[in-house]
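Subject: Handing over the structure, with notes

Dear colleague,

I am passing this structure on to you, together with some notes on what turned up when I went through it. Please have the sequence and the 3D view open while you read.

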Amino acid sequence: MNESTMNDQSALSPDARGDATATEDRPEAAGTGKPLPADALIIVPVRNVVLFPGMVFPLTVGRERSRAAAYEAARQQRPLGVLLQSKPETEQPGPDDLHWVGTTANVLRYITAPDGAHHAICQGVQRFRVLQFLEGYPFMAARVELVPEPAQTDPDIEGRAHGLKARAAEILALLPQVPDEVATSLQGIEGPARLADFIAGLMDIGADEKQSLLETFDLKARLDKLLELLAHRIEVLKVSRDVAERTKGSLDDLQRKHLLREQMRTIQKELGEGEEGAAELAELDKAITAAKMPEEVEKQARKELKRLERMPEGAGEYSMIRTYLDWLIELPWAAATEAPIDIAEARRILDEDHYGLEKIKKRILEYLAVRKLNPSGKSPILCFAGPPGVGKTSLGQSIAKATGRKFERLSLGGVHDEAEIRGHRRTYIGSLPGNVIQSLRKAGTRHCVLMLDEVDKLGAGGFHGDPASALLEVLDPEQNSTFRDNYLGVPFDLSGVMFICTANVLDTIPGPLRDRMEIITLPGYTAQEKLQIARRYLVARQLRATGLSPAQSEIGDDALMAIIDDYTREAGVRNLEREIGNVLRNVAVRIAEGGTERVTIGRDDLAAILGPRKFEAEVAMRGGVSGVATGLAWTPVGGDILFIEATRMPGNGKLILTGQLGDVMKESAQAALSLLKGRAERLGIAAEALEKSDVHVHVPAGATPKDGPSAGVAMFVALASLFTGRIVRNDVAMTGEISLRGLVLPIGGVKEKVLAALRAGITTVMLPARNQRDLEDIPADARGKLEIVWVDNVDDAVAVALSPAQAGVESVAS
Ligand SMILES: Nc1ncnc2c1ncn2[C@@H]1O[C@H](COP(=O)(O)OP(=O)(O)OP(=O)(O)O)[C@@H](O)[C@H]1O
Ligand SMILES: [Mg+2]
């Protein structure tokens, strides 16, 4: 009975081996390594101790790998896997130096002894078998399979357990020093498996013999082995009884009693108070009734509760079942009564929270009206698509407010594993429900708006199953009333949840998922719209955040406009709000210092607060060169302008392309050059000039990959300018695909591109004539400020974009 003092002694005091300083920081780095698979355990090898389920003992973590393991287990709140070394003398045991069957252990607490040695007080939980050791971690790790104990017993087993108890009592009687409590707690142990492990842990036999008991999974065989061992022990004890009696009353006796009392205390704690346990079970029973589960679920819950009743509280499975029952109890099973949607009120709330967005609000109200008139109908899933900071999330919150629902957000960005959505089976160590069920528990009601953020960043399906197909099941009204989470194992009705998705781009959303959704695009705001949003919402909100009152501070419209133009360049309003916050915090400091009562911020004050302008009108910087044209691009974060630069050098007609261009964009450059060759005469370019030059086309900002055909016109204009020497007007931007016959073909993202041009200070935008149908998408104030030229072919484009051929300017053609 010396387990409580056993540990891997020889691993003690790393200082003695002189490696302490070299390895002190190592455990910190463990956290940055690759993640452990869900079915893996962090392994700690020990010498001389076999940990049985239920047993508590102090593990000395001396070896650096053991320390890394203990640190990592504490950080991830994972159990440890304790394995016995087959060769205790080995300093750095590898897989071959270990027994492959061990026990998972929860670390109850860490202790650092005065001499600096670290101890982890562990409690054994459950047997496991190693499937495979894993490489590449600063500690040992292995994929494992848990070995469950049979929940059912039979008369054979019961009989043996009974005999075991009797023999153990007999042994205790032969040891007169043993306090009565040990015998009492032995009687209190429930379940044959638990009893066997308890006795095996206490027995004074060699580690190898204990390991063989641990590895005997078959309960009946294990009980037989133990019975045999106990019988042998009794014989030995009977023989040495006289000796024992002679040593009675010695100092040793006192020490032994002390030791046993210590163990007694741990055992009692481990077993819990019987009274408390019963009360807990009764409470669970009540909670199950109160949760109003569907019949099938309630049956399952009661079945698990029964298992719990039969199980001793300290058993490893106990806490697993307990957690599972907690999940079942806390999920919102009860159907929520949906208050009818008040459309007028919804309109008021949407208007109150968001400026503009008329088309979008109208679409949302239609959606709500349909839901109101036909609540049981299969309504489509809304998906808000657009650049960051345009109000996707906050529209979702408004919808929740307008319908009196709770709002929950679930980010899908980087979700790679189906199990993240659908949960892990309960047989996995540390398994939990997927994040859909988790969100539902957080919401506390099925009557909620669940926003699925970043559907476009959902990871591709791989080894661990396809998350998109799991999501499909969540969203599909045909299937989601019986959504089955792997952990729960029972159906949960998601049909009352109002799902809303958001995305920055549409083309990365898996096709089938996209088909289920009704896409509503939010393209971004003009400077005027931003000004209104800032005045009505952002300034007020930032005033509240800084604790200022409107009477104390004011930001003038000129200042707001300057922030919009010179300090931010975005489709949404997030940075705008941040900069307004910066300005107001500066004001708050001035007022708090007591120098002044009221501060008004004008345009001229900004440089002192926000620093020099962050964005210049790029266009102005580029004026007056030939061979550079301004194109317009669509990006996931709104539109942007881009410059096409062309230059030439003596050569033989080669085309060099740089700037990380995609294949389509490269082809577009080829087409532009061929088109130019075909029109050389018309443009007054000498054929010889084209033949004897190599052309280099570069699109700066090379770090961002660029692709698509819509820069075709700009490429052609840049090349035409290069070879004619005519300068490209620096206030003109253009977009459009070109054909080899010189036609300008329509493109997408018109609104985003036009807004980007406006932001960059462009005054004339050339768009493909066939995009005229998109005119109404362009906000009126943008149309007022920009001249929009519709072009049919590249000749129109050249006429608008290039300065007239001047006599006097030496053209390449001459
Ligand atoms: N039309 C608007 N009226 C008032 N406030 C707005 C409007 N559009 C956006 N905002 C505000 O801008 C901020 C950013 O919006 P939100 O967080 O909803 O952006 P998002 O589109 O979800 O962006 P992301 O793609 O980065 O998640 C919010 O505080 C929101 O209230
Ligand atoms: Mg958002």
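The notes below begin with the whole chain, turn to the ligand, and then take up several individual places.

Please keep in mind throughout that this is a predicted model. The protein chain is made up of 814 residues, of which 50% count as buried, and its secondary structure consists of 33 helices and 24 strands. If one takes the contacts between residues at least 6 apart in sequence, 75% of them join residues that are at least 24 apart. The chain has an accessible surface of about 37800 Å², and carbon and sulfur atoms account for 51% of that.

The ligand

Which residues come closest to ligand 1? The shell around ligand 1 holds 19 residues, and the closest are Gly 389, Lys 392, Thr 393, Arg 541 and Arg 574. Sorted by class, the shell has eight nonpolar, six polar and five charged residues. Among the pairs of polar atoms, a backbone N or O atom of Val 390 is 3.3 Å from a nitrogen atom of the ligand, while a backbone N or O atom of Ser 394 lies 2.8 Å from one of the ligand's oxygen atoms. The side chain of Arg 574 also takes part, with an N or O atom 2.7 Å from an oxygen atom of ligand 1. On its own the ligand would expose 640 Å², and the protein buries 86% of this area. Three helices give two or more residues to the shell, namely H17 (392–403), H22 (527–546) and H24 (574–592).

Helix H24 is also where Glu 577 is found. Is Glu 577 buried or exposed? With a relative accessible area of 16%, Glu 577 is buried, because the cut-off for that class is under 20%. Apart from its neighbours within four places in sequence, Glu 577 is in contact with Leu 538, Arg 541 and Gln 542, and Arg 541 is one of the residues closest to the ligand.

An aromatic pair

The count of aromatic pairs comes to four. One that I looked at in detail joins Tyr 324 and Tyr 487, whose ring centres are 5.6 Å apart and whose planes stand at 70 degrees, so the pair is edge-to-face. Tyr 324 belongs to helix H14 (residues 316–330), whereas Tyr 487 sits in the loop between strand E10 (483–484) and strand E11 (491–492), so the pair ties together parts that are 163 residues apart in sequence. Both rings belong to buried residues, since Tyr 324 has a relative accessible area of 0% and Tyr 487 has a relative accessibility of 4%.

A buried arginine and a covered helix

Arg 446 lies in the loop between helix H19 (435–443) and strand E9 (448–453), and at 14% relative accessibility this arginine counts as buried. Its side chain reaches the backbone oxygen of Trp 333 at 2.3 Å. Leaving aside neighbours within four places in sequence, the contacts of Arg 446 include Pro 332, Ala 334, Arg 405, Phe 492 and Asp 493.

Helix H20 (residues 467–475) is mostly covered, with eight of its nine residues buried. Among these buried residues are Pro 467, Leu 471, Glu 473 and Val 474. At the start of H20, a side-chain oxygen of Asp 466 comes to within 3.0 Å of the backbone nitrogen of Ala 468.

Two exposed positions

Ala 344, in helix H15 (residues 343–353), is exposed, with a relative accessible area of 54%. The C-alpha atoms of Ala 344 and Leu 365 are 9.1 Å apart, although 21 residues separate the two along the chain.

Lys 692 is placed in the loop between helix H29 (687–691) and strand E19 (693–698), and with a relative accessible area of 52% this lysine is exposed. What does Lys 692 touch, not counting residues up to four places away in sequence? The residues touched are Met 649, Pro 650, Gly 651 and Asn 652. The C-alpha atom of Lys 692 is separated by 9.2 Å from that of Lys 654, which is 38 residues away along the chain.

With best regards

Definitions and conventions. Residues are numbered from 1 along each chain as its sequence is written. Chains are lettered from A and ligands numbered from 1 in the order in which they are written. This is a predicted model: local features need pLDDT of at least 70, side-chain atom pairs count only at pLDDT 80 or more; totals for chains, interfaces and linings use all residues. Side-chain values use heavy atoms; hydrogens and water are left out. Helices (H or I, at least four residues) and strands (E, at least two) are DSSP runs, numbered from the N terminus. Buried means under 20% relative accessible area, exposed over 50%, partly exposed in between (1.4 Å probe, protein chains only). Contact means heavy atoms within 4.5 Å. Accessible areas come from the Shrake-Rupley method with a 1.4 Å probe; for residues, only the protein chains shown count as cover. A residue is near a molecule or strand if one of its heavy atoms lies within 4 Å of it. A polar contact is a pair of N or O atoms within 3.5 Å; within protein, one must be able to donate a hydrogen and the other to accept it, and residues adjacent in sequence count only if both atoms are side-chain atoms. Ala, Val, Leu, Ile, Met, Phe, Trp, Tyr, Cys and Pro count as nonpolar, Asp, Glu, Lys and Arg as charged, and the others, Gly among them, as polar. Rings of Phe, Tyr and Trp (its six-membered ring) pair if their centres lie within 6.5 Å; planes under 30 degrees apart count as stacked, over 60 as edge-to-face and the rest as tilted.
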